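Hi,

Here is the structure I said I would pass on. Have a look at it, and then read on for what turned up.

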Amino acid sequence: MKRIFLFLLLLIPTLLFAQVPSDSVGVWAVSDNSMTRIKRITPRRIKSTGFVKVKAKLEFDGATSDHIFNGCAKFRMYFGKVRLTEIQNLYMFGSNYSPKDFEIGEFQVKKDSRLLTGVTAQPFSSQVGASESNKVAATVTKLRNGVYDISVSGKAGEYCIMFAGAGASGFSGVFDFTLK
């Protein structure tokens, strides 16, 4: 009897603070009171252009995203314990990260693909990692520890949420969306 009581006593706090399926780490698109997980997409290849000023552009499949928003994009980001089976794709959502470690990037649309400039190099300077877009504004609201609502508004176009840790912007994959 004591063991059952002790088990129940330990189980209650665990359930109160447990991560439930709706709290699964990652980026979720929010629309009409429903949420859809946005999967990380990775570059199909890297294209190099230029001679004196060299640019490496990350090329992603498709001319547009499956996640389309009119006027303002709304997301929910969950940070916490990443399942071992998802750690390769979602390591950036561990409890030691937050929305401060992410940026909004802008794609250049070319026929059936989207490009994100990852490296710019000149003889005496260089920049590694895709640049943050200045065509959108993002607001972040903390709902509770590890849970944030993000609103992105701005000019129509193809954009992405990218992890900016250690200069990895774009290279480690992105979470894409379209603003109309």
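Arg-44, Arg-45, Glu-59 and Asp-61 are joined in a network of salt bridges. Keep in mind throughout that this is a predicted model. Within that network, the side chains of Arg-45 and Glu-59 meet at 2.5 Å, N to O. Arg-45 sits in strand β3 (residues 45-49) and Glu-59 in strand β4, so the pair links distant parts of the chain, 14 residues apart. The two partners differ in cover: Arg-45 is partly exposed, at 46% relative accessibility, while Glu-59 is buried, at 5%.

Searching the whole structure gives 8 salt bridges. One of them is between Arg-114 and Glu-158, at 3.7 Å, N to O. Because Arg-114 belongs to strand β9 and Glu-158 to strand β13, this pair ties together parts 44 residues apart in sequence. Arg-114 is buried, with a relative accessible area of 2%, and Glu-158 is buried as well, at 8%. Glu-86 and Arg-83 also form a salt bridge, at 3.9 Å, N to O; here Arg-83 is partly exposed, with a relative accessible area of 49%. As background, side chains of opposite charge can pair when their charged atoms come close.

Now for the nonpolar side of things. Which residues touch the most other members of the largest nonpolar core? They are Phe-75, Phe-93, Val-152 and Phe-177, in a core of 25 residues. At least two residues of this core come from each of β1, β6, β7 (102-106), β12 (147-154), β13 (157-163) and β14 (174-179). A second core, separate from that one, has 7 residues, including Leu-58, Leu-116, Met-162 and Val-174. In soluble globular proteins, nonpolar side chains tend to be buried together.

Phe-177 is worth a click. Leaving out residues up to four places away in sequence, Phe-177 touches a long list, among them His-67, Phe-75, Ile-104, Val-152, Glu-158 and Ile-161.

That brings us to His-67, which lies in the loop between β4 (54-61) and β5 (68-69). Is His-67 buried or exposed? With a relative accessible area of 16%, His-67 falls under the 20% cut-off, so it counts as buried. Beyond its neighbours within four places in sequence, His-67 contacts Ala-29, Thr-36, Arg-37, Ile-38, Asp-176, Phe-177 and Thr-178.

Next to look at is an open sheet of 4 strands, in the order β5-β14-β13-β7 and with mixed pairing. β5 and β7 are its edge strands, each pairing on one side only. The β5 and β14 strands run in the parallel sense over 2 bridges, and Ile-68 stands opposite Thr-178 in β14.

On the surface, Leu-84, Ile-87 and Tyr-91 make a nonpolar patch with about 310 Å² of accessible area together. Leu-84 is in the loop between β6 (72-78) and α2 (87-90) and is exposed, at 75% relative accessibility.

Finally, a couple of backbone oddities. Most residues other than glycine have a negative phi. Asp-32, though, has a positive phi near 50 degrees; you will find Asp-32 in the loop between β1 (26-31) and β2 (34-38), exposed at 77%. Lys-111 also has a positive phi, about 50 degrees, without being a glycine. Lys-111 is in the loop between β8 (108-110) and β9 (113-122), and is exposed with a relative accessible area of 82%.

Cheers

Definitions and conventions: Residues are numbered from 1 along each chain as its sequence is written. This is a predicted model: local features need pLDDT of at least 70, side-chain atom pairs count only at pLDDT 80 or more; totals for chains, interfaces and linings use all residues. Side-chain values use heavy atoms; hydrogens and water are left out. Buried means under 20% relative accessible area, exposed over 50%, partly exposed in between (1.4 Å probe, protein chains only). Contact means heavy atoms within 4.5 Å. Patches are made of residues with over 30% relative accessible area and no salt bridge: like charges are joined within 9 Å, nonpolar side chains (Val, Leu, Ile, Met, Phe, Trp, Tyr) within 5 Å. Accessible areas come from the Shrake-Rupley method with a 1.4 Å probe; for residues, only the protein chains shown count as cover. A salt bridge is a side-chain nitrogen of Lys or Arg within 4 Å of a carboxyl oxygen of Asp or Glu. A nonpolar core is a set of buried Ala, Val, Leu, Ile, Met, Phe, Trp, Tyr and Cys residues joined through side-chain atoms within 4.5 Å. Two strands pair if DSSP finds at least two bridges between them.
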